[in-house]
Amino acid sequence: MTLPPKLSARDFTRAVAELRSIVGADWVFTEEDDRQAWRDPMFPGDARRVDLSAAVAPATVQEVQAVVKVANRYRLPLWPVSTGKNYAYGGASPALKGTIVLDLKRMNRILEVNEQYGYAIVEPGVTYFDLYRHIKAKGLKLWIDCPSPGWASVLGNAMERGLGNTPYSDHAAQQCGMEVVLPTGDLVRTGMGAIENSPLWGLQKNPFGPTFDGMFMQSNLGIVTKMGIWLMPEPEVFAQCNIRLQREDALGPMIDALRPLRLNGTIQNPASVRSWIGMLLGQATKKEVHDGPGAIPRELVPQILQQRNLSWWSTGFSLYGYEEVVEANLKVVRKALGSVPGAEALSVRKSAGDKVPDSAGTQAGVPSLGAFSTLNWPGGRGSHLDFSPVYEPSGAVAMAEYQFMRELFERHGFDFPATYSLTSPRYMACVTPIMFDADNRQQAEAAGRLFLEAHQHLGTKGYGLYRAHVAFMDQVQQAQGFNQHALRRLSERIKDALDPQGILAPGKQGIWPKAMKGGRA
Ligand code: ADP
């Protein structure tokens, strides 16, 4: 039995009985076997270090509020998840041992999809597959933007500021309007939702007065029960572009060639330059390519590229819009990228916006589970820990970081599946999976050590991560040192004001409530 900190077994049993009376006996889970469903299967080490004590799954906002009231009375730490599929960053795992996971996946209604204005309002349990199928079934001319894989929650992913691959890739930026249960149980609606029955809730984010939506993202200040998310109008034409680069040192010139196109809007989605090993992950197992310890030796690369018909780098992006505009932009793109050293001819797959093939994937907002094929790479119980640094969009920076990180990964015995993505015109977010076998404890712990050393390097350059696994949130937060950690002090002041009992997700993002300063109760 795992108990919440400082709670006796007797009080825990009482609290669980109260939770059962709110959500029904079937929706509170305390048994060892049941709890396994919420442990992070990709935890880089021993997942029981932060083992949950129970999971509770309410079906309505009122039930969420009632659960929060009980949590305040017993001081039960609650960790809200929408679908809990946040793998590579912690799944549904809390940061503090004994926390109760508040699983919201039973709240799964699509409350509205508005074609005219291009938005949806969803509950936490709505997955990208759900929203995609709903739009298709109704024949609406809207596209979703999904990460890979598509089984995650639309709301949950936006809460973590997740990223997709269409022009609407920045999910936090596309969020408009929230309904939030505060840590004391009060219910608020943000944006224009503060006005009863406003038709503007999903349209205008900035109400009269301060805005708070961003405060609830990557934080532990509220439980979001509804969210508005903007949806892209289906483009007339979708042109998926790819350029292979036959030289390792072409990464820098390609980033520099892409940046102006991204900045002036010719390319609207996150153009990415992916390494050969990034391409290979989903196609083979490590053993098939190199059956030896550690990373694939450098001297084998040319031979592997030839055998597998791969290039050093593969650049992918898409163009969207009216046929004439896409054609004109294709000309511009060909001219700008054709002179990058080692660049092959641009390959283009064009389709009508309503007939894109499923294989177009996330660049056309098509959800799939294809990303799971990469898990075959390490062998055993394939897992990944994502190292996701943010850099300025510069070719020189990309080259320098590529050299440094490749050597670091290899020194720790891992291949370096680099991808440099112009996620935004003004920064690159480089989601880099550290692939490991979760049943190989040594390898899992080595993945964690690599993560921390790579993160430490970022700090020396003033870079940071856009998102991090729950196991390392304290360390990542610690790097925000400006003015004696002024940002943390601000977060803590807000945390203590909104959550005086410290019940909501203690330790998330390295922010701990007053009673637990310095971490782990
Ligand atoms: P997904 O299934 O989309 O990957 P999760 O449900 O795993 O997302 O959520 C990821 C993280 O985001 C959670 O661990 C939690 O910290 C936060 N989160 C998700 N949904 C909510 C919510 N409804 N309210 C508050 N925080 C949430």
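**View 1. Backbone atoms meet the ligand's oxygens.** In this predicted model, a polar backbone atom of Asn86 sits 3.2 Å from an oxygen atom of the ligand. Ser153 puts a backbone N or O atom 2.9 Å from a ligand oxygen, and Asn157 does likewise at 3.3 Å. As for how much of the ligand gets covered, the protein buries 97% of the 550 Å² that the ligand exposes when taken alone.

**View 2. Who's standing around the ligand.** There are 21 residues around the ligand, and Ser82, Thr83, Gly84, Lys85 and Val224 come nearest. Sort that shell by class and you get nine nonpolar, nine polar and three charged residues.

**View 3. Where the shell comes from.** Three elements each chip in at least two residues to the shell around the ligand: strand 3 (78-81), helix 5 (154-159) and strand 10 (223-230). Helix 5 gives the most, with four residues.

**View 4. A look into the largest cavity.** The model has five cavities of 30 Å³ or more, and the largest holds about 120 Å³ of space. Its lining is made up of 13 residues, with Trp276, Ile277, Arg406, Glu410 and Phe416 closest to the centre.

**View 5. The walls of that cavity.** Helix 9 (276-280) and helix 13 (395-411) are the elements that give two or more residues to the lining of the largest cavity. Helix 13 has the largest share, at three residues. By class, the lining of this cavity splits into seven nonpolar, one polar and five charged residues.

Key
Residues numbered from 1 in each chain as written. Predicted model: local features only at pLDDT ≥ 70, side-chain atom pairs only at ≥ 80, totals over all residues. Heavy atoms only, no water. Near = heavy atom within 4 Å. Polar contact = N/O pair within 3.5 Å; in protein donor to acceptor, adjacent residues only side chain to side chain. Areas by Shrake-Rupley, 256 points an atom, 1.4 Å probe, with all protein chains shown as cover. Nonpolar A, V, L, I, M, F, W, Y, C, P; charged D, E, K, R; others polar. 1 Å grid on protein atoms, 1.4 Å probe; cavity = no way out; pocket = protein on both sides within 12 Å on 5 of 7 lines; lining within 4 Å. Points joined across faces, edges and corners; volume = space filled by probe spheres on them.
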